[in-house]
Amino acid sequence: MPLLKDLPADQRPREKLLARGAGALADGELLALLLRTGLPGEGVFELAQRVLAACGGVGGLLAATPATLERVKGLGPAKQAELLAVMELARRALAARVRAAPVFDAPDKVRDYVALHLAGRDHEVFAVLFLDSQHRLIVMEEMFQGTLTQTSVYPREVARRALALNAGAVILAHNHPSGVAEPSRADEFLTQTLRQALQLLDVRVLDHLVVGRGQVVLMAERGLV
(Lines give C-alpha, C1' and ligand atoms only; values in the text may rest on other atoms or scores of the structure.)
Protein backbone atom coordinates (compact mmCIF):
# COMPACT_ATOMS: atom_id res chain seq x y z
CA MET A 1 0.00 0.00 0.00
CA PRO A 2 1.40 3.46 -0.88
CA LEU A 3 2.52 5.86 1.80
CA LEU A 4 0.03 8.48 2.87
CA LYS A 5 2.09 11.32 1.41
CA ASP A 6 2.29 9.56 -1.96
CA LEU A 7 -1.47 9.30 -2.44
CA PRO A 8 -3.33 11.80 -4.64
CA ALA A 9 -4.85 14.53 -2.51
CA ASP A 10 -8.42 13.33 -3.06
CA GLN A 11 -7.49 9.82 -1.87
CA ARG A 12 -5.91 10.85 1.41
CA PRO A 13 -8.18 9.95 4.33
CA ARG A 14 -8.47 13.46 5.75
CA GLU A 15 -9.28 15.13 2.43
CA LYS A 16 -11.57 12.25 1.47
CA LEU A 17 -13.48 12.54 4.74
CA LEU A 18 -13.91 16.29 4.45
CA ALA A 19 -15.04 16.07 0.83
CA ARG A 20 -17.25 12.97 0.97
CA GLY A 21 -18.05 12.33 4.63
CA ALA A 22 -16.80 9.76 7.12
CA GLY A 23 -18.98 7.05 5.60
CA ALA A 24 -16.83 7.08 2.45
CA LEU A 25 -13.79 5.81 4.36
CA ALA A 26 -12.97 2.18 5.02
CA ASP A 27 -12.29 1.03 8.59
CA GLY A 28 -8.54 1.10 8.04
CA GLU A 29 -8.65 4.61 6.61
CA LEU A 30 -10.58 5.95 9.60
CA LEU A 31 -8.15 4.34 11.99
CA ALA A 32 -5.18 5.63 9.99
CA LEU A 33 -6.55 9.15 10.49
CA LEU A 34 -6.41 8.66 14.25
CA LEU A 35 -3.00 7.01 14.25
CA ARG A 36 -1.52 9.64 11.88
CA THR A 37 1.92 8.00 11.59
CA GLY A 38 3.26 4.53 11.09
CA LEU A 39 6.57 2.92 12.04
CA PRO A 40 9.94 2.77 10.31
CA GLY A 41 9.34 0.43 7.40
CA GLU A 42 5.59 0.26 8.03
CA GLY A 43 3.15 2.91 6.80
CA VAL A 44 0.19 4.11 8.81
CA PHE A 45 -2.25 2.10 6.65
CA GLU A 46 -0.38 -1.13 7.39
CA LEU A 47 -0.27 -0.25 11.09
CA ALA A 48 -4.01 0.45 11.06
CA GLN A 49 -4.75 -2.92 9.44
CA ARG A 50 -2.53 -4.70 11.94
CA VAL A 51 -4.28 -3.01 14.86
CA LEU A 52 -7.67 -4.05 13.48
CA ALA A 53 -6.46 -7.61 12.96
CA ALA A 54 -5.06 -7.79 16.49
CA CYS A 55 -8.36 -6.58 17.95
CA GLY A 56 -10.60 -8.71 15.74
CA GLY A 57 -11.99 -5.85 13.67
CA VAL A 58 -13.78 -2.64 14.54
CA GLY A 59 -16.05 -4.33 17.08
CA GLY A 60 -13.08 -5.68 18.96
CA LEU A 61 -11.27 -2.36 18.77
CA LEU A 62 -14.23 -0.54 20.31
CA ALA A 63 -14.19 -2.99 23.22
CA ALA A 64 -10.39 -3.12 23.52
CA THR A 65 -8.80 -2.70 26.92
CA PRO A 66 -5.52 -0.88 27.65
CA ALA A 67 -3.87 -4.30 28.03
CA THR A 68 -5.03 -5.30 24.54
CA LEU A 69 -3.61 -2.17 22.94
CA GLU A 70 -0.33 -2.47 24.85
CA ARG A 71 0.31 -5.78 23.10
CA VAL A 72 0.17 -4.19 19.63
CA LYS A 73 3.63 -3.25 18.43
CA GLY A 74 3.77 0.38 17.36
CA LEU A 75 1.05 1.67 19.67
CA GLY A 76 2.88 3.83 22.17
CA PRO A 77 1.22 5.45 25.19
CA ALA A 78 0.08 8.50 23.21
CA LYS A 79 -1.67 6.47 20.48
CA GLN A 80 -3.16 4.11 23.06
CA ALA A 81 -4.56 7.04 25.03
CA GLU A 82 -6.07 8.66 21.94
CA LEU A 83 -7.79 5.45 20.84
CA LEU A 84 -9.13 4.77 24.32
CA ALA A 85 -10.42 8.35 24.55
CA VAL A 86 -12.25 8.07 21.22
CA MET A 87 -13.82 4.76 22.24
CA GLU A 88 -14.96 6.19 25.57
CA LEU A 89 -16.50 9.20 23.82
CA ALA A 90 -18.43 6.82 21.57
CA ARG A 91 -19.72 4.87 24.57
CA ARG A 92 -20.72 8.06 26.41
CA ALA A 93 -22.50 9.44 23.35
CA LEU A 94 -24.54 6.26 22.98
CA ALA A 95 -25.25 6.18 26.71
CA ALA A 96 -26.61 9.73 26.56
CA ARG A 97 -28.91 8.77 23.70
CA VAL A 98 -30.11 5.66 25.51
CA ARG A 99 -30.81 7.63 28.69
CA ALA A 100 -32.77 10.28 26.81
CA ALA A 101 -35.82 8.08 26.23
CA PRO A 102 -37.42 4.84 27.42
CA VAL A 103 -35.56 1.84 26.03
CA PHE A 104 -38.56 0.75 23.97
CA ASP A 105 -38.33 4.05 22.09
CA ALA A 106 -34.74 3.35 21.01
CA PRO A 107 -34.16 -0.42 20.74
CA ASP A 108 -31.46 -0.03 18.08
CA LYS A 109 -29.52 2.37 20.29
CA VAL A 110 -29.70 -0.11 23.18
CA ARG A 111 -28.46 -2.87 20.88
CA ASP A 112 -25.58 -0.68 19.67
CA TYR A 113 -24.74 0.45 23.19
CA VAL A 114 -24.49 -3.11 24.50
CA ALA A 115 -22.49 -4.26 21.46
CA LEU A 116 -20.07 -1.37 21.91
CA HIS A 117 -19.33 -2.58 25.43
CA LEU A 118 -19.29 -6.34 24.95
CA ALA A 119 -18.47 -7.27 21.36
CA GLY A 120 -14.97 -8.53 20.76
CA ARG A 121 -14.17 -9.48 24.36
CA ASP A 122 -12.03 -12.60 24.66
CA HIS A 123 -13.82 -13.77 27.80
CA GLU A 124 -17.45 -13.90 28.79
CA VAL A 125 -18.91 -10.85 30.51
CA PHE A 126 -22.38 -10.63 32.06
CA ALA A 127 -23.80 -7.11 32.30
CA VAL A 128 -27.05 -5.64 33.53
CA LEU A 129 -28.76 -2.47 32.33
CA PHE A 130 -30.69 -1.11 35.30
CA LEU A 131 -33.73 0.95 34.31
CA ASP A 132 -36.01 3.28 36.25
CA SER A 133 -39.79 2.91 36.46
CA GLN A 134 -40.13 4.68 33.09
CA HIS A 135 -37.68 2.21 31.52
CA ARG A 136 -34.95 4.81 31.12
CA LEU A 137 -31.36 3.76 31.66
CA ILE A 138 -29.91 4.37 35.12
CA VAL A 139 -26.62 2.60 34.54
CA MET A 140 -25.12 -0.41 32.81
CA GLU A 141 -22.82 -2.46 35.02
CA GLU A 142 -20.57 -5.40 34.18
CA MET A 143 -21.35 -7.63 37.13
CA PHE A 144 -19.67 -10.95 36.40
CA GLN A 145 -16.80 -12.22 34.28
CA GLY A 146 -15.95 -15.77 33.41
CA THR A 147 -13.88 -17.99 31.21
CA LEU A 148 -14.32 -18.54 27.50
CA THR A 149 -17.09 -21.04 28.19
CA GLN A 150 -19.06 -19.99 31.24
CA THR A 151 -19.82 -17.25 33.73
CA SER A 152 -20.96 -17.62 37.32
CA VAL A 153 -23.96 -15.33 37.75
CA TYR A 154 -25.48 -14.84 41.19
CA PRO A 155 -29.14 -13.73 41.16
CA ARG A 156 -28.80 -12.45 44.73
CA GLU A 157 -26.14 -9.94 43.65
CA VAL A 158 -28.26 -8.72 40.73
CA ALA A 159 -31.27 -8.35 43.03
CA ARG A 160 -29.23 -6.49 45.65
CA ARG A 161 -27.96 -4.03 43.06
CA ALA A 162 -31.43 -3.50 41.60
CA LEU A 163 -32.70 -2.58 45.06
CA ALA A 164 -29.78 -0.23 45.70
CA LEU A 165 -30.47 1.60 42.44
CA ASN A 166 -34.26 1.57 42.95
CA ALA A 167 -34.59 -0.04 39.53
CA GLY A 168 -38.00 -0.86 38.11
CA ALA A 169 -36.72 -3.13 35.35
CA VAL A 170 -33.53 -4.60 33.92
CA ILE A 171 -32.11 -5.75 30.62
CA LEU A 172 -29.59 -8.57 30.84
CA ALA A 173 -26.69 -8.85 28.41
CA HIS A 174 -23.71 -11.09 27.87
CA ASN A 175 -21.28 -11.90 25.09
CA HIS A 176 -20.27 -15.13 23.41
CA PRO A 177 -16.49 -14.98 22.83
CA SER A 178 -16.89 -17.62 20.12
CA GLY A 179 -18.59 -14.91 18.05
CA VAL A 180 -21.84 -16.85 17.63
CA ALA A 181 -24.73 -14.93 19.15
CA GLU A 182 -27.21 -17.82 19.26
CA PRO A 183 -28.69 -18.20 22.79
CA SER A 184 -27.88 -21.50 24.49
CA ARG A 185 -30.10 -23.60 26.72
CA ALA A 186 -27.98 -22.38 29.63
CA ASP A 187 -28.78 -18.79 28.61
CA GLU A 188 -32.49 -19.61 28.61
CA PHE A 189 -32.28 -21.22 32.05
CA LEU A 190 -30.32 -18.30 33.49
CA THR A 191 -32.83 -15.81 32.09
CA GLN A 192 -35.75 -17.59 33.72
CA THR A 193 -33.89 -17.93 37.01
CA LEU A 194 -33.16 -14.20 37.13
CA ARG A 195 -36.68 -13.33 35.97
CA GLN A 196 -38.21 -15.34 38.82
CA ALA A 197 -35.79 -13.94 41.42
CA LEU A 198 -36.34 -10.32 40.40
CA GLN A 199 -40.09 -10.76 40.07
CA LEU A 200 -40.23 -11.15 43.86
CA LEU A 201 -38.87 -7.60 44.09
CA ASP A 202 -41.28 -6.26 41.48
CA VAL A 203 -38.39 -5.74 39.04
CA ARG A 204 -39.13 -6.85 35.49
CA VAL A 205 -36.63 -8.52 33.16
CA LEU A 206 -37.42 -6.90 29.82
CA ASP A 207 -34.88 -8.68 27.65
CA HIS A 208 -31.63 -10.60 27.50
CA LEU A 209 -29.19 -9.61 24.76
CA VAL A 210 -26.61 -12.08 23.49
CA VAL A 211 -23.68 -10.37 21.77
CA GLY A 212 -21.53 -12.07 19.13
CA ARG A 213 -19.26 -10.65 16.47
CA GLY A 214 -21.35 -8.40 14.25
CA GLN A 215 -24.65 -9.66 15.66
CA VAL A 216 -26.80 -9.11 18.73
CA VAL A 217 -29.73 -11.44 19.43
CA LEU A 218 -32.63 -10.19 21.56
CA MET A 219 -34.06 -13.16 23.42
CA ALA A 220 -37.39 -11.39 23.89
CA GLU A 221 -37.84 -11.43 20.11
CA ARG A 222 -37.45 -15.21 20.29
CA GLY A 223 -40.07 -15.51 23.04
CA LEU A 224 -37.40 -16.63 25.52
CA VAL A 225 -37.99 -13.98 28.20
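Me: Contact means heavy atoms within 4.5 Å. Which residues of helix 8 meet which in helix 9?

Reply: Pro 155, Val 158, Ala 159 and Ala 162 of helix 8 meet Thr 193, Leu 194, Ala 197 and Leu 198 of helix 9. Helices (H or I, at least four residues) and strands (E, at least two) are DSSP runs numbered from the N terminus. The model is predicted: local features need pLDDT of at least 70, side-chain atom pairs count only at pLDDT 80 or more, and totals for chains, interfaces and linings use all residues. Residues are numbered from 1 along each chain as its sequence is written, and side-chain values use heavy atoms, with hydrogens and water left out.

Me: At what angle do the axes of helix 8 and helix 9 cross?

Reply: At roughly 45°, and the axes come within 10 Å. Axes are lines fitted to C-alpha atoms (for helices, over the stretch in contact), and angles run from 0 to 180 degrees between N-to-C directions. Helix 8 covers residues 155-164 and helix 9 residues 185-199.

Me: OK, the sheet. What order are the strands in?

Reply: The order is 2-1-3-4-5, in an open sheet of five strands with mixed pairing. Strands pair if DSSP finds at least two bridges between them. Strand 2 (137-145) and strand 5 (216-218) are the edges; each has a single partner strand, so one side of each has no neighbour in the sheet. From one strand to the next the twist averages 20°.

Me: And where do helix 8 and helix 9 pack?

Reply: Helix 8 packs on the sheet and touches strand 1 (125-131) and strand 2, with its direction at about 155° to that of strand 2. Helix 9 also packs on the sheet, touching strand 1, strand 3 and strand 4, and its direction makes about 155° with that of strand 4.

Me: Is strand 1 mostly covered or open?

Reply: Mostly covered, with seven of its seven residues buried (under 20% relative accessible area, 1.4 Å probe, protein chains only). Val 125, Ala 127, Leu 129 and Leu 131 lie on one side, Phe 126, Val 128 and Phe 130 on the other.

Me: How many bridges does strand 1 make with strand 2?

Reply: Seven, in the antiparallel sense. Val 128 is opposite Glu 141, and Leu 129 is opposite Met 140. The two strands form a hairpin with five residues between them, and His 135 in the turn has a positive phi of about 65°.

Me: What about strand 1 and strand 3?

Reply: They run antiparallel and are joined by six bridges. Phe 126 stands opposite His 174 there.

Me: In which sense do strand 3 and strand 4 pair?

Reply: Parallel, over seven bridges, between residues 169-175 and 204-211. Ala 169 has Arg 204 as its bridge partner in strand 4.

Notes. Buried < 20%, exposed > 50% of the residue type's maximum accessible area, 1.4 Å probe, protein only.
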